[in-house]
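Trainee: Could you walk me through this model and the terms used for it?
Mentor: Gladly, here it is.

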Amino acid sequence: MTVKISRTAEIQTFFEEAAGLRNEQGNPRLKQIVLRILQDTARLVEDLEITDDEFWTAVDYLNRLGNRGEAGLLVAGLGIEHFLDLLSDARDAEAGRTGGTPRTIEGPLYVAGAPLSEGEARMDDGSDAGIPMFLAGRVLDLRGQPIAGATVDMWHANTKGLYSYFDPSQAEYNLRRRIRTDAEGRYRARSIVPSGYGCPADGPTQQCLDQLGRHGQRPAHIHFFISAPGHRHLTTQINLAGDRYLWDDFAYATRDGLIGEVNFVENAHGIAGRCAEVVFDFQLQPASEATDERRSQRPRALQVQGA
Ligand code: MBD
Ligand code: FE
């Protein structure tokens, strides 16, 4: 017989004390959340008869996860970040907020403060011998009208699947740019075709995925934050057609409506040989309150230019 004590009055009172509910200081919201974590942890330990070895292995795992800065990676890999999208979608549907380009996860590799330019930008610094990529499109409202002056903040990996800042071998803000749309709502970027991302093979996230019998690969993709006054902030990605991981993404970010077709052309855009074209338009929902216009307050890396 499994012994259970977590729902007894004594234990509940004890957890209320530990969560600070018996004092007047602190933050009531955090107290509520911590109480729930204590209650649910206790139930989990009891119900699954978690051994001491398992429990302390998990505590050590969290230390190792934090040491490697992989908490955001694990959250993506376990599908929790995608779950948050599904929950936001369901809430939007309930509130009648429909239409526009689907959202999908941000992931853990954004860096704020990328160079900003008008209409167009070159994103790569020429040091990676990847296939040149010409990415272009428009930002539109739900009626299909162009949104001038929208900010398209984009970031993607190099041909090794690595992101600048997190990969110190790359120049600062390599493959990261912000482009303001022109009068027709257009943005244009020249870059290189990215490769898919793979979790660090020696890291704690991949270690967990191994135990789940899963890989840690993402298809080639490009991340976007799209914002404009009067419109709802959009966090999304284009996942590139033809990638073997397109529908086998360890972070579950690929969605219908977010697949970028890659058109290979020869001797175009003033380039001798092969280059890739990707055309993608975004549609934004109207904002109903000021906070709709901005991204979440998630803590993010900020590289000081020139540092
Ligand atoms: C990535 O590039 C990414 O987009 C996600 C979601 C997780 C890890 C790496
Ligand atoms: Fe990514």
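Trainee: What makes the space taken by ligand 1 a cavity?
Mentor: On a 1 Å grid over the protein atoms alone, a cavity is a set of points where a 1.4 Å probe fits but cannot get out. The space taken by ligand 1 is the largest cavity. This is a predicted model, where local features need pLDDT of at least 70, side-chain atom pairs count only at pLDDT 80 or more, and totals for chains, interfaces and linings use all residues. Side-chain values use heavy atoms, without hydrogens and water.

Trainee: Why is the link between ligand 1 and Arg218 called a polar contact?
Mentor: A polar contact is a pair of N or O atoms within 3.5 Å. An oxygen atom of ligand 1 is 2.7 Å from an N or O atom in the Arg218 side chain, so the pair qualifies. For the side chains of Tyr163 and His223, the value is 2.9 Å. The protein covers 100% of the 270 Å² that ligand 1 has accessible on its own (Shrake-Rupley method, 1.4 Å probe).

Trainee: How do you know which atoms are donors to the iron ion (ligand 2)?
Mentor: Donors are N, O and S atoms within 2.8 Å of the metal (3.2 Å for Na, K and Ca). Tyr163 (OH), His221 (NE2) and His223 (NE2) coordinate the iron ion at 2.0 to 2.1 Å, so they count as donors. Their spacing along the chain is Y-x57-H-x1-H.

Methods
Residues are numbered from 1 along each chain as its sequence is written. Chains are lettered from A and ligands numbered from 1 in the order in which they are written. A polar contact is a pair of N or O atoms within 3.5 Å; within protein, one must be able to donate a hydrogen and the other to accept it, and residues adjacent in sequence count only if both atoms are side-chain atoms. On a 1 Å grid over the protein atoms alone, a cavity is a set of points where a 1.4 Å probe fits but cannot get out, and a pocket is an open set with protein on both sides within 12 Å along at least five of seven lines; lining residues have an atom within 4 Å of a point. A molecule sits in a cavity or pocket if more than half of its atoms lie within 2 Å of its grid points.
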